[in-house]
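Me: I have a structure open and would like to talk through its side chains with you. Could we start with the charged pairs and then move on to other topics?

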Amino acid sequence: MMETSYSYTTVIVEPDGASRISVHLHPDQTMSVLCSEGRRRAQISFSHARADVIITPTNPEAPTAEDLKTARQLAELFGRYAVEVERLHALKVASVPGESAA
């Protein structure tokens, strides 16, 4: 079965006016992730299927200690995400005869 990559955004507005926005990225090789080094501002951006997500500190040119804490937490969680993807991929490969782990 071939899986299709896509991205979508959901906007929910409650009767009281409260709103929630969710962006779901289901990437493939066309996803772009950029994070420049040595510039005057810190940011990372993800672009896929006309969905763009940019993460920056509150003040990208002068991050606070709290911004640093948040950046470290994001790095830890992305690391955990990579480990989970690897684990689930390995389970799939082990269950399909002839499948390669590449």
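**Salt bridges, surface and strand**

Reply: A good place to begin is Arg-87 and Glu-84, which both belong to helix α1 and sit three residues apart, about one turn of the helix. Please keep in mind throughout that this is a predicted model.

Me: How far apart are the closest N and O atoms of Arg-87 and Glu-84?

Reply: They are 2.7 Å apart, and the two residues form a salt bridge.

Me: And are Arg-87 and Glu-84 buried, exposed or partly exposed?

Reply: Arg-87 has a relative accessible area of 41% and is therefore partly exposed, and Glu-84, with a relative accessible area of 36%, is partly exposed as well.

Me: How many salt bridges does the count come to?

Reply: The count comes to two salt bridges. Besides the pair we have just discussed, the side chains of Glu-76 and Arg-80 meet in a salt bridge, at 2.5 Å from N to O.

Me: Why are Glu-76 and Arg-80 separated by about one helical turn?

Reply: Because they are four residues apart in helix α1, the separation between Glu-76 and Arg-80 amounts to about one helical turn. As for their surroundings, Glu-76 is partly exposed at a relative accessible area of 45%, and Arg-80 counts as partly exposed at 48% relative accessibility.

Me: OK, new topic. Which residues make the nonpolar surface patch?

Reply: The patch is made by Ile-55, Leu-74, Phe-78, Tyr-81 and Val-85, and its area is about 440 Å².

Me: Where does the largest share of that patch come from?

Reply: Helix α1, which covers residues 65-95, supplies the largest share, namely four residues. Leu-74, one of the patch residues, is found in that helix.

Me: Why does Leu-74 count as partly exposed?

Reply: Its relative accessibility is 30%, so Leu-74 counts as partly exposed, given that this class lies between the 20% limit for buried and the 50% limit for exposed.

Me: Let's leave the helix. Where does Ser-45 lie?

Reply: Ser-45 lies in strand β4, which is made up of residues 44-48.

Me: Buried or exposed, and why?

Reply: Ser-45 counts as buried because its relative accessibility is 13%, and buried means under 20%.

Me: What is Ser-45 in contact with, leaving aside its neighbours within four places in sequence?

Reply: With those neighbours set aside, Ser-45 is in contact with Ser-32, Val-33 and Leu-34, and also with Val-53 and Ile-54.

Terms used:
Residues numbered from 1 in each chain as written. Predicted model: local features only at pLDDT ≥ 70, side-chain atom pairs only at ≥ 80, totals over all residues. Heavy atoms only, no water. Patch = residues over 30% accessible without salt bridge, like charges linked within 9 Å, V, L, I, M, F, W, Y side chains within 5 Å. Areas by Shrake-Rupley, 256 points an atom, 1.4 Å probe, with all protein chains shown as cover. Salt bridge = Lys/Arg side-chain N within 4 Å of Asp/Glu carboxyl O. Helix = DSSP H or I, 4+ residues; strand = E, 2+ residues; numbered from the N terminus. Buried < 20%, exposed > 50% of the residue type's maximum accessible area, 1.4 Å probe, protein only. Contact = heavy atoms within 4.5 Å.
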